[in-house]
Amino acid sequence: MRLHFARHGESQANVLHEISNRGLRHPLTRRGRAQAIALADRLHPLLITRIYSSPILRAIETSVIVANRLGVDYEIVDALREYHCGIAEGRADEVGWQLWHELFDAWVMHQRYEYRLEGGESFYDIRDRFVPFVEGLVSRYGDSEAEIVCVAHGGVYWMMLPLVLGNVDHALIAHYGFDYTACIVAELRPAGLVCVEWNGHVVDPAH
């Protein structure tokens, strides 16, 4: 089994620089749709088994484009949605982004995993939906040749991939980053899931 953790294409929220992690708002831009088509073309030789999508519109639209071009089914799962930023949601101003950065720093820099913005999620909340979902994929597909695609978001991947991929840490993430439709490939090894490729760059499984 291999898991492909893909980010969505560019959306209107990205262009507007708006924190938009809830509801069916902000579809893909024309550029984002072209990025999704290019992602499908990159995945086409792999005979993808199934696609799982975040329920946020930009991820759904990316998944639909990829699924249609590859002729495979997709399923929307809450586990993959971007984390809720509470009172910062819907904001594009300096104060809103300051709140976002405070949340990011609390989790990544200070390991204050219980911290949340008012009305939003904590790191533990994200972990409690994302990690069991990935464990469920391993349980379901682990002994097969399945190629599974998950379409989600840079934020949730930044926080959660170090928990499910044995050789990924925040330094590796900061080095490669999450471009639109970037794809992180993970393989199941005897010791668990490891990253073997980051958007076209080979990664040492023992990193």
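# A tour from the aromatic cluster outward

The structure holds 14 aromatic pairs. The model is a predicted one, and the tour starts with two of these pairs before moving to the chain as a whole.

**Stop 1: Tyr176 and Trp198.** Select Tyr176 and Trp198 and show their side chains. Their rings make a stacked aromatic pair, with 5.9 Å from centre to centre and 20° between the planes. Tyr176 belongs to helix α7, residues 170-176, while Trp198 belongs to strand β6, residues 192-198. The two are 22 residues apart, and the pair links distant parts of the chain.

Now colour by accessible area. Is Trp198 buried or exposed? Trp198 is buried, because its relative accessible area is 1% and the cut-off for buried is under 20%. Tyr176 has a relative accessible area of 24% and is partly exposed.

**Stop 2: Phe178.** Keep Trp198 selected and add Phe178. Here the ring centres of Phe178 and Trp198 are 5.4 Å apart and the planes meet at 45°, so this pair is tilted. Phe178 sits in the loop between α7 and β5 (183-189), and Trp198 in strand β6, so the pair ties together parts 20 residues apart in sequence. Both Phe178 and Trp198 are buried.

**Stop 3: the cluster.** Which residues form one aromatic cluster with Tyr176, Phe178 and Trp198? Extend the selection to Phe5, Trp97, Trp100, Phe104, Phe130, Tyr157 and Trp158; together with Tyr176, Phe178 and Trp198 they form one aromatic cluster.

**Stop 4: Ala6.** Select Ala6, which is placed in strand β1, residues 2-7. Ala6 is buried, with a relative accessible area of 0%. Show the residues around it. Leaving aside residues up to four places away in sequence, Ala6 touches Leu39, Val149, Cys150, Val151, Ala152, Tyr157, Ala182 and Cys183. One of these, Tyr157, is also a member of the aromatic cluster. For a distance from this stop, pick the C-alpha atoms of Ala6 and Ser53: they are separated by 9.6 Å, with their positions 47 residues apart along the chain.

**Stop 5: Arg140.** Move to helix α5, residues 123-141, where Arg140 lies. Arg140 is exposed, because its relative accessible area is 57% and exposed means over 50%. Draw a line from the C-alpha atom of Arg140 to that of Val203. The separation is 25 Å, and these residues are 63 apart along the chain.

**Stop 6: the whole chain.** Clear the selection and switch to a cartoon. The protein chain has seven helices and seven strands. Traced along the sequence, their pattern is β-α-α-β-α-β-α-α-β-α-α-β-β-β.

Zoom out to the full outline. Along the principal axes, the C-alpha atoms fill a box of roughly 45 × 40 × 30 Å. The radius of gyration is 16 Å, which agrees with the value near 17 Å for a compact globule of 207 residues. Of the 207 residues, 55% count as buried. Among contacts between residues at least 6 apart in sequence, 67% join residues at least 24 apart.

Finally, turn on the surface. The protein chain exposes about 9500 Å², of which carbon and sulfur atoms supply 51%. Colour by charge to finish: there are 19 positive and 27 negative charges, and their mean positions are 5 Å apart.

Key: Residues are numbered from 1 along each chain as its sequence is written. This is a predicted model: local features need pLDDT of at least 70, side-chain atom pairs count only at pLDDT 80 or more; totals for chains, interfaces and linings use all residues. Side-chain values use heavy atoms; hydrogens and water are left out. Helices (H or I, at least four residues) and strands (E, at least two) are DSSP runs, numbered from the N terminus. The radius of gyration is taken over C-alpha atoms; the globule rule is 2.2 Å times the number of residues to the power 0.38. Buried means under 20% relative accessible area, exposed over 50%, partly exposed in between (1.4 Å probe, protein chains only). Contact means heavy atoms within 4.5 Å. Accessible areas come from the Shrake-Rupley method with a 1.4 Å probe; for residues, only the protein chains shown count as cover. Lys and Arg count as positive and Asp and Glu as negative; His and the chain ends are not counted. The place of a charge is taken as NZ of Lys, CZ of Arg, CG of Asp or CD of Glu. Rings of Phe, Tyr and Trp (its six-membered ring) pair if their centres lie within 6.5 Å; planes under 30 degrees apart count as stacked, over 60 as edge-to-face and the rest as tilted.
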